[in-house]
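Good morning, and thank you for joining. I would ask you to bring up the sequence and the coordinates before I begin.

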Amino acid sequence: MNKTKSRKILLLPGDGIGPEVVREVKKVIEWFNKNKSLDFSLEEELIGGASIDANKIPITDEVFYKSLESDAVILGACGGPKWDNLEFSKKPERALLKLRKELKLFANLRPAICFKQLVDSSTLKPEVVSGLDIMIVRELTGGIYFGEPRGIEPIENNERKGINTHSYTTGEIQRIARVAFDLAKKRKNKVTSCEKSNVMEAGVLWREEVQALKDKEYQKIELHHMLADNCAMQLLRNPKQFDVILADNLFGDMLSDEAAMLTGSLGLLPSASLGSKDKNGKIRSLYEPIHGSAPDIAGKNIANPIATILSLSMALRYSLNLDKEASLLDTAVQKVLDDGLRTKDIMSNGKKEVSTTDMGDAIISKLK
Ligand code: NAD
């Protein structure tokens, strides 16, 4: 088999359980290099609190430029009690915000998958969530979190006013809608676009632009418009009606957290943040589990590495064009769960509890 062109993967383990779960990802990448004749070049750098300890800043310029040059960046987690008292601008989490902002990662992809083997971990009835597979596409760099004017200002009668501005341009809406439509083409061809067009002008524009893009370029996609509050309700009532959910920054933030909790465990869910294609066709990207650094269990070799391993699977699919390898990895995770292996966070009666390292090894053994 021909070796593929060497592609750079940058690993940023970070803090807490970050190094433990990223270590398992590294083993998987090394397995692919050895057994599938892939030729990933791997680098590992400090970020977050670990970088503060070594370099006094959460991310150095050198690491930042390396992430710009990499084909995919995989992050563990940043932060922890050791750095909690630092002022906001110096905290470990600033590294993450800098990466998202400077890499212009405007699309956040968060799958909410309910593994049939773990259906009892959800707070919803098994028949409502079993087999659930939703992809939430959230706009990440616009809307009310960034809009101007913003601030808190004094007004008459000794009162104060808090101001944030919600605005979206046609270009911003089309850019994120395109990501959702393209993803739907690889899934069930269905997009549900959420806004509040009943009370917000920006919502009216959102709805019009998403519909216009579909009519012009994506005629085969089944597009539904849904008010965001109704979507929040439908996610609990009948979540399996959704395939791809498209939402702005604010509504996407809430809907993706709600959808994640349908699946029952933080340790299982990956995420991807994507930017635009550069002139060489390369998409800037950052892949990370949705959980944090879990300081309460750090250093004990009990963290669940699946969310981070599935983040690698997203990187294979969306940045490295290796759909087959991504599916192989997804299937390996399923098989290990079928075998009844569980880390502590997803342990239940009759199953076998394994460590972080054992879970990584078991997934690799199923790749074979
Ligand atoms: P958390 O996600 O780290 O932990 C919440 C709970 O889930 C904990 O009980 C933890 O033990 C458990 N948990 C999380 N991931 C797990 C895994 N893979 N396996 C097993 N159990 C797991 O959230 P938190 O406690 O609110 O935050 C801890 C630190 O992480 C804070 O400093 C926070 O700022 C940071 N954080 C970082 C990111 C990131 O880097 N993207 C995201 C969220 C939080």
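I shall discuss a helix pair, then a threonine, and finally the cysteines.

Please bear in mind that this is a predicted model.

Let us begin with the helix pair. Helix 1 spans residues 18-35 and helix 10 spans residues 306-318; their axes lie 8 Å apart and make an angle of about 45 degrees. Angles under 35 degrees count as roughly parallel and those from 65 to 115 as roughly perpendicular, and the two helices are therefore oblique to each other. Their crossing is right-handed.

Which residues of helix 1 and helix 10 meet? Helix 1 contributes V21, V22, E24, V25, V28, I29 and F32, and helix 10 contributes T308, I309, L312 and L316. Sorted by class, this contact comprises nine nonpolar residues, one polar and one charged.

I turn now to T356, which belongs to helix 12, residues 356-367. Is T356 buried or exposed? Its relative accessibility is 0%, so T356 counts as buried. Setting aside neighbours within four places in sequence, T356 is in contact with E20, R23 and E24, and also with N301, I302, A303 and P305. E24, one of these partners, is also among the helix 1 residues that meet helix 10.

Finally, the cysteines. How many disulfides does a search of the whole structure find? The search returns zero. For C194, the closest cysteine sulfur is that of C231, at 3.5 Å. A disulfide requires sulfur atoms within 2.5 Å, so this separation is too far for a bond. C194 is buried, at 1% relative accessibility. C78 is buried too, with a relative accessible area of 10%.

Key: Residues numbered from 1 in each chain as written. Predicted model: local features only at pLDDT ≥ 70, side-chain atom pairs only at ≥ 80, totals over all residues. Heavy atoms only, no water. Axes fitted to C-alpha atoms, helices over the stretch in contact; angles between N-to-C directions. Helix = DSSP H or I, 4+ residues; strand = E, 2+ residues; numbered from the N terminus. Parallel < 35°, antiparallel > 145°, perpendicular 65-115°, else oblique. Left-handed = near helix turned anticlockwise from the far one by under 90°. Contact = heavy atoms within 4.5 Å. Nonpolar A, V, L, I, M, F, W, Y, C, P; charged D, E, K, R; others polar. Buried < 20%, exposed > 50% of the residue type's maximum accessible area, 1.4 Å probe, protein only.
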